[in-house]
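User: I would like a close look at one part of this model, with the cut-offs stated as you go. Please take your time and connect that part to what surrounds it.

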Amino acid sequence: MIQIISQRHSELSPPLRDALGRYRHAVFIEQMGWDVTSTSPLPGREFDQFDHPGTRYIIALDRHGQVQGCARLLPTVEPYLLGDVFDYLCDQAPPANRQTWEISRFAARAEQDPQLAMRVFWSTLHAAWELGASAVVAVTTASLERYFQRNGVVQQRLGPARKVKGERLVALHFQAWQPRGVSALGLGAVA
């Protein structure tokens with residue numbers, strides 16, 4: 001059984017923060033080979049300048065408390081990845097308003113639950129909506145964009161795909177409230 005939780009960085013217990021940093025290091029640096037510098041003082045943990053006390057995390061935990069998936073939510077009125085690093089992926093200025101949040105550092109292991117990635121994604125959109133967002137933006141790969149399309153995510157590009165370090169990256173915009181996600185999470189038709 002996988003439990004999905006939503007907590008601010010400042011609310012994470014030290015063991016959970018450490019587990020999240022280890023999981024992100026394993027996924028993004030070891031498996032995906034990202035060339036990012038971690039701000040963690042401990043080796044083998046991945047955090048960056050966008051991880052701060054107000055950052056919101058969506059974390060999937062197995063029954064042993066092991067991290068099986070994650071996502072990070074940032075309001076676009078504060079520094080965020082698309083606005084500060086990948087703004088060139090947008091045809092217009094990246095959003096900077098209280099109704100738009102960013103999802104980043106999205107990952108999930110599918111061994112225990114093949115639908116876990118989408119559960120984490122839908123849970124992240126729902127968390128953003130509960131925080132007052134009407135929209136969510138993201139920088140992602142074109143292959144993940146296609147994965148979202150196959151899973152019924154309503155999305156639109158904010159600009160053309162661009163090749164960056166061998167990957168085709170795109171900036172995407174999602175409505176935070178999506179009927180497919182609400183149904184997948186079993187939330188009914190509450191609006």
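Which residues does R168 touch, not counting residues up to four places away in sequence?

Analyst: Before the answer, a word on the basis: this is a predicted model, in which local features need pLDDT of at least 70 and side-chain atom pairs count only at pLDDT 80 or more, while totals for chains, interfaces and linings use all residues. Residues are numbered from 1 along each chain as its sequence is written, and side-chain values use heavy atoms, with hydrogens and water left out.

Once residues up to four places away in sequence are set aside, R168 touches T140, T141, A142, R157, A161, R162 and K163, where contact means heavy atoms within 4.5 Å. For A142, which lies 26 residues from R168 along the chain, the two C-alpha atoms are separated by 5.7 Å. R168 has a relative accessible area of 43% and is therefore partly exposed; on this scale buried means under 20% relative accessible area, exposed over 50%, and partly exposed in between, with a 1.4 Å probe and protein chains only.

R168 belongs to strand 8, where helices (H or I, at least four residues) and strands (E, at least two) are DSSP runs numbered from the N terminus. The loop between strand 7 (162–164) and strand 8 (167–175) holds K165, a residue with a positive phi of about 50° although it is not a glycine. K165 counts as exposed because its relative accessibility is 76%. A positive phi of about 50° is also found at R105, again not a glycine, but R105 is placed in strand 4 (residues 100–108) and counts as buried at 7% relative accessibility. R105 also lies over the face of F28, at 5.7 Å from the ring centre; a charge sits over a ring if NZ of Lys or CZ of Arg is within 6 Å of the ring centre and within 35 degrees of the ring normal.

Strand 8 also takes part in the interior of the model. A nonpolar core is a set of buried Ala, Val, Leu, Ile, Met, Phe, Trp, Tyr and Cys residues joined through side-chain atoms within 4.5 Å, and in the largest one, which has 26 residues, I103, F106, F121, F148 and F174 touch the most other members. Strand 2 (56–61), strand 3 (67–75), strand 4, helix 3 (116–130), strand 5 (135–141) and strand 8 are the elements that give two or more residues to this core, and helix 3 gives the most, with nine. Apart from this core lies another, of 14 residues, with I5, L16, Y23 and V27 among them.

How strand 8 meets helix 3 can be followed through F121, which, leaving aside its neighbours within four places in sequence, is in contact with I103, F106, F148, V153 and F174. Aromatic rings give a second view of the same meeting: rings of Phe, Tyr and Trp (its six-membered ring) pair if their centres lie within 6.5 Å, with planes under 30 degrees apart counted as stacked, over 60 as edge-to-face and the rest as tilted. By this rule there are 10 aromatic pairs. In one of them, the rings of F121 and F174 have centres 5.2 Å apart and planes at 70°, so the pair is edge-to-face. Because F121 lies in helix 3 and F174 in strand 8, this pair ties together parts that are 53 residues apart in sequence. F121 counts as buried at 1% relative accessibility, and F174 likewise counts as buried, at 0%. Beyond the end of the strand, the rings of W129 and W177 have their centres 4.4 Å apart and their planes at 45°, so that pair is tilted. W129 lies in helix 3 and W177 in the loop between strand 8 and helix 5 (179–184), so this pair ties together parts that are 48 residues apart in sequence. W129 is partly exposed at 29% relative accessibility, as is W177 with a relative accessible area of 25%. F121 and F174 also form one aromatic cluster with F106, W122, Y147 and F148.

For the wider setting, the chain has five helices and eight strands. Of its contacts with a separation of 6 or more, 69% are between residues 24 or more positions apart, and buried residues make up 48% of the 191 residues.
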